[in-house]
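Me: I have a model open and would like to talk through a few parts of it before I set anything up. Can we go piece by piece?

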Amino acid sequence: MADDYLVRIGKLIRDARQHRGWTQTQLAEALGTSQSAVNRIERGNQNISLEMIARIGEALDSEIVSLGYAGPMHLRVVGGRRLSGSIDVKTSKNACVALLCASLLNKGRTVLRRVARIEEVYRLLEVLNSIGVRTRWINDGVDLEIVPPAELNMAAIDAEAAVRTRSIIMFLGPLLHRMDHFKLPYAGGCDLGTRTIEPHMIALRRFGLDVAATEGQYHAMVDRSVRPDRPIVLTERGDTVTENALLAAARHDGVTVIRNASSNYMVQDLCFFLEALGVRVEGIGTTTLTVHGVPTIDVDVDYSPSEDPVEAMSLLAAAVVTESELTVCRVPIEFLEIELAVLEEMGLDHDRTPEYFADNGRTRLVDLTVRPSKLEAPIDKIHPMPFPGLNIDNVPFFAAIAAVASGKTLIHDWVYDNRAIYLTDLNRLGGRLQLLDPHRVLVEGPTRWRAAEMMCPPALRPAVVVLLAMMAAEGTSVLRNVYVINRGYEDLAERLNSIGAQIEIFRDI
């Protein structure tokens, strides 16, 4: 009976593929697998999960099997297990999405190496494809090829995909060079509270861009007579604000000085990529960037984004919270030095290898080994600062780390309106977190974690923090509706399982 079921499923997949006009190799590239695996699936010779059926259906734009609404993805976590071995850090999610937006600057072919296969990237690819950009996964689904059309079809933009990502805001910088007027859907993404685009507009108005926000869309108009005649001073040292200013400056025929710029990891990766496009950028790694723009960019470029320091921090936190010895490889050390200094103060036992370069030839990496440690609460509060301070996205991981340390830790997440609130979800798992106001949480440890079933917080990093606590809690926990985790992490459950976790992916049918 099971074999007959697999044969019937395989035939449905083959028919849907042929209807789409795809070869087995093309489907394999879309799924990040091999042609031989697709061949086995279609012949009914390989077990296939509901998750894989859903992925195939999405790739082929076809409902392979109707089971009613399959519902969101959930995780079942058997906690209390020690992690061991080693795990590589994947490429930066935030760099990858910036580079996808930056590919709109180039008339030539762009190849990005080891692109993070995450929902945020998929949503941007859907948007790019809808406006005429050709994209395909190459080299067994590891790398991404991007070829733009002569003219973008903004009228056909996939609004549903666009509103599910904040990154769409970074289309403004490159698009202002390609057309005099266009529309973009409002930016979406994590539920982190109200965030204005005014800092973006303060920078982009200097290039002639005017935006009116009405009826769920940004209506953009470009005045070609307006050019930046003095340094642009950003009112917010934000990452995406700096990236948008860089994208606008890259094809401005002249020299643009950007002050109060972010020097964070994704900004540096974007600068390195712009240099590969022929745009000279001075001051990389500082708060003043001088961009020598090129009015026309038409080159075939091949670039490797660096590893993700926030993913590295989440893997380190996983080891700390589960009291494990774990080696995290390819850690971008210059973007984690403050975090490690705080952890050393708390008593973390770890060591690191000599530094070596990432594939971009610029970012410094190390392999970091963490061992079980008796942690004490830090004397000072944990709070983020622009690079080279403690990374904004790493603050939530200190909630879980502080929960296993002895004493009380004050965490001050001043950047977002309501992210700190989501950290109190740890109380459902045995944590003792007191919300002092929308930005401050007092964490008391050590914690005796306990299993629970709960909904995933709607913000990426707090959601992962809850998952890490479930991994430490004895018993079986369930984390429901984990789409937000898939926005920022590629195959996180499977990768954690490879180092000793026990996490099962399932869906309601």
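Reply: What follows goes through a helix, a few single residues, a sheet and the nonpolar cores, and it should be kept in mind throughout that this is a predicted model.

Me: Ok, helix H5 to start with. How many of its residues are buried?

Reply: Helix H5 covers residues 93-102, and 10 of its 10 residues are buried. Among them are the polar or charged-looking names you might stop at, Lys93 and Asn94, together with Cys96, Val97, Leu99 and Cys101.

Me: And what caps the N-terminal end of H5?

Reply: That is Ser92, which places a side-chain oxygen 3.3 Å from the backbone nitrogen of Asn94.

Me: Which residues does Glu243 touch, leaving aside its neighbours within four places?

Reply: Glu243 is in contact with Asn94 and Ala98, and also with Met170, Met266, Val267 and Leu270. Asn94 and Ala98 are both listed among the buried residues of H5, while Glu243 itself lies in helix H10, residues 239-250.

Me: Buried or exposed, that glutamate Glu243?

Reply: Glu243 is buried, because its relative accessible area is 2%, and the limit for buried is under 20%.

Me: Switching to Ser167, where is it found?

Reply: Ser167 sits in the loop that runs between helix H7 (159-162) and helix H8 (172-175). With a relative accessibility of 7%, Ser167 counts as buried.

Me: What does the side chain of Ser167 make a polar contact with?

Reply: The partner is the side chain of Glu120, at 2.8 Å. Apart from sequence neighbours within four places, Ser167 is in contact with Glu120, Leu124, Val97 and Cys101, and the last two of these, Val97 and Cys101, are buried residues of H5.

Me: Now the open sheet with 4 strands, what is the order?

Reply: The order is E4-E5-E3-E13, and the pairing in this open sheet is mixed. Strand E4 (134-138) and strand E13 (301-303) are the edge strands, each pairing on one side only. On average, neighbouring strands of this sheet are turned by 15° against each other, with direction ignored.

Me: How many bridges join E3 to E13?

Reply: There are 3 bridges between strand E3 (residues 110-112) and E13, and the two run parallel. One of the bridge pairs is Leu112 with Tyr303 in E13.

Me: Which strands does helix H6 lie across?

Reply: Helix H6, residues 119-130, lies across E4 and strand E5 (143-147), and its direction is at about 140° to E4.

Me: What about the largest nonpolar core, which residues touch the most other members?

Reply: That core has 154 residues, and those touching the most other members are Phe171, Leu184, Leu209, Leu467, Met471, Leu479 and Ile485. Helix H16 (residues 460-472) contributes the largest share, 11 residues. A second, separate core has 15 residues, including Ile9, Ile13, Leu31 and Ile48.

Me: Which residues is Met471 in contact with?

Reply: Setting aside neighbours within four places in sequence, the contacts of Met471 include Val77, Gly79, Gly80, Arg81 and Leu83, and also Ala318, Thr322, Leu496, Ala501 and Ile503.

Me: Last one, Arg352. Why does Arg352 count as partly exposed?

Reply: Arg352 has a relative accessible area of 38%, which lies between the limits of 20% and 50% and therefore counts as partly exposed. Arg352 is in strand E15 (residues 349-352), and beyond four places in sequence it touches Ile333, Leu340, Glu344, Val366, Asp367 and Leu368.

Terms used: Residues numbered from 1 in each chain as written. Predicted model: local features only at pLDDT ≥ 70, side-chain atom pairs only at ≥ 80, totals over all residues. Heavy atoms only, no water. Buried < 20%, exposed > 50% of the residue type's maximum accessible area, 1.4 Å probe, protein only. Polar contact = N/O pair within 3.5 Å; in protein donor to acceptor, adjacent residues only side chain to side chain. Contact = heavy atoms within 4.5 Å. Pairing = 2+ DSSP bridges. Axes fitted to C-alpha atoms, helices over the stretch in contact; angles between N-to-C directions. Core = buried A, V, L, I, M, F, W, Y, C linked by side-chain atoms within 4.5 Å.
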